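Welcome, and thanks for taking a look at this one with us. Here is a short briefing to read alongside the sequence and the model.

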Amino acid sequence: MTQLRTRQSSAFDQFFRITERGSTFSREVRGGITTFVAMSYIVLLNPLILGASADITGAKLTIAEITTATALAAGVMTVLMGLVGNAPLAIAAGLGVNGVVAFQMAPTMTWAQAFGLVVLEGVCIVVMAVSGVRERIINAIPEPLKIAITVGIGLYIALVGLVSAGFVTRTPDAVGSTVPVRMGVDGHLSGWPIVIFCLGLLLMIVLMARGVPGAVLISIVVATVVAVVVNSVFTVSNWGLVTPTLPSSVVGHPDFGLFGRIDLFGGFVSAGVIAATIFLFTLVLSGFFDAMGTITSVSDEAGLTKDGKVEGMGKILMVDGAGAIAGGVTGSAPNTVFLESAAGVGEGARTGLASVVTGGLFLVALLFTPLATVVPAQAAAPALVVIGGLMMTQIRRIPWHETDYTIPVFLTVAIIPFTYSITNGIGAGLVSYVVLRICKGRWPGWLMTGLALMFAVYFGVDVITGG
């Protein structure tokens, strides 16, 4: 019996190469748990974003079905990353790109059509990973513009969080009104929901500044508990989508209502060929740029890079692309590698075993979906603000003194949040950059020029058609 266990342990070690990478079984398990704690907030935040929008027919998704879809896709794909990619990288619905699905795509098509485009995005990423086109596109777009996209998405996510919490509201159209948004409902902060948001935000900032593991999740849980107590003591009617009341049962049956509800090509009819193509391009662009940066940085921290190349990059990219497909099939928005994987690496994770542990915990979370219906937007929104702020830190890498980039970068960063559209921001940046380069007598390349022309058609199509 002892010899059998030894052989099994040896086979297990050889499969994940635990000893070879200088790790141990306990470190991998601890790292996997840490990563789950650090990123499990996505199970609460993704429903907040996708549930806040309606599709072209006015249909909205329920919290229960989005929560199930989010946990299911994250669990399956993270386990797959561990078994196929053998890397301590966790996958879940991407923040920012889920906003594209909710606020840009859904209003122009049905949810099934929007998730169909998400599936097509994943197929495109897989094909590009296999053919090498992915690397060529990445190399064609200047680094400052890539950074600008991340910074703009950070501002966008933060604004979504502030609006979801009611901290910032839209000023009603009125004669003489010159301010498009304002603080609170009438220019002032009032009500218990705002108090909960502010407490959660301050707690999250303090915990993250002190380096507390799982700071985001801890803050959301604490704010939710306070909200439940406040709601039970006082009469509060302005919580929004979710009222913080305890469910009848903590454990419940997962709601797989979104699984398989996809229409691959219907979006091209509902939104139009050009608009749908731009949506697809935006999903692909956001997907592989975010993933490439995260995979490289986390793998380097884990010691899995050699001569600047990530070990097993081909398999990792394939699983990442498959994550987008899974996001569409499950109805959870595109799934991608999470930067929070670095938390597990910091605890010693070096192999795919950590990912198997993280994914397994997401699958267990499927049984506790009723808890997600307790969390009000005011308790979860602080995470969007803080994560948006962290994404903003990349702005220090932008060469503002170079005139080729100053205005294109600014337009990208500003237009994404101001128009609630990642597509508009990327387009404005690319078009202005190509025009500047050509006017200065510098050819930007056929690929960049082609992308700029595509966005020019996107921006001008309504003008041409009189729409």
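How many salt bridges are there between domain 1 and domain 2? The count is zero. Please keep in mind that this is a predicted model. The points below begin with the contact between the two domains, then turn to charged pairs and a few individual residues.

**The two domains**

- The domain assignment splits the protein chain into domain 1, made of 22-170 + 244-372, and domain 2, made of 399-462.
- Taken over C-alpha atoms, the centres of domain 1 and domain 2 are 26 Å apart.
- On the domain 1 side, 30 residues are in contact with domain 2, and they meet 24 residues there.

**What the domain contact is made of**

- About 2,300 Å² of area is buried between domain 1 and domain 2, and carbon and sulfur atoms give 86% of that area.
- Besides the absence of salt bridges between the domains, the count of residue pairs in polar contact between domain 1 and domain 2 is also zero, with both residues required to be at pLDDT 80 or more.
- Four elements give two or more residues to the side of domain 1 that touches domain 2: helix 5 (97-105), helix 7 (133-140), helix 8 (143-165) and helix 12 (273-301).
- Helix 8 provides the largest share of that side, with 12 residues.
- Sorted by class, the side of domain 1 that touches domain 2 holds 23 nonpolar residues, six polar residues and one charged residue.

**Salt bridges across the structure**

- A search of the whole structure turns up seven salt bridges.
- One of them joins the side chains of E143 and R397, with an N to O distance of 3.1 Å.
- E143 belongs to helix 8, while R397 sits in the loop between helix 16 (377-392) and helix 17 (403-418), so this pair ties together parts that are 254 residues apart in sequence.
- Both partners are partly exposed: E143 has a relative accessible area of 39%, and R397 has one of 43%.
- Another salt bridge joins the side chains of D404 and R437, at 2.8 Å from N to O.
- This pair also links distant parts of the chain, with D404 in helix 17 and R437 in helix 18, 33 residues apart.
- D404 counts as buried because its relative accessibility is 6%, and R437 counts as buried because its own value is 17%, each being under the 20% limit.
- Leaving aside residues up to four places away in sequence, R437 touches D404, R442, W443 and P444.

**R17 and its charged neighbours**

- R17 is found in the loop between helix 1 (2-16) and helix 2 (25-39).
- The side chains of R17 and E20 meet in a salt bridge with an N to O distance of 2.8 Å.
- A network of salt bridges links R17, E20, R21 and E311.
- Is E20 buried or exposed? At 57% relative accessibility, E20 counts as exposed, whereas R17 is partly exposed at 29%.

**Positive phi values**

- Most residues other than glycine have a negative phi.
- R17 departs from that pattern, with a positive phi near 55° in a residue other than glycine.
- A333 is not a glycine either, and its phi is positive at about 80°.
- The place of A333 is the loop between helix 13 (313-330) and strand 6 (335-337).
- A333 is buried, with a relative accessible area of 0%, while R17 counts as partly exposed at 29%.

**V284 in helix 12**

- V284 lies in helix 12, one of the elements that give two or more residues to the side of domain 1 that touches domain 2.
- Why does V284 count as buried? Its relative accessible area is 8%, so V284 falls under the 20% limit for a buried residue.
- Residues up to four places away in sequence aside, V284 touches E121, C124, I125 and M128.
- V284 and C198 are 86 residues apart along the chain, and their C-alpha atoms are separated by 35 Å.

Technical notes
Residues are numbered from 1 along each chain as its sequence is written. This is a predicted model: local features need pLDDT of at least 70, side-chain atom pairs count only at pLDDT 80 or more; totals for chains, interfaces and linings use all residues. Side-chain values use heavy atoms; hydrogens and water are left out. Domain bounds come from an automatic or database domain assignment. Contact means heavy atoms within 4.5 Å. Buried area is the accessible area (1.4 Å probe) that two parts lose on being put together, summed over both. A salt bridge is a side-chain nitrogen of Lys or Arg within 4 Å of a carboxyl oxygen of Asp or Glu. A polar contact is a pair of N or O atoms within 3.5 Å; within protein, one must be able to donate a hydrogen and the other to accept it, and residues adjacent in sequence count only if both atoms are side-chain atoms. Ala, Val, Leu, Ile, Met, Phe, Trp, Tyr, Cys and Pro count as nonpolar, Asp, Glu, Lys and Arg as charged, and the others, Gly among them, as polar. Buried means under 20% relative accessible area, exposed over 50%, partly exposed in between (1.4 Å probe, protein chains only).
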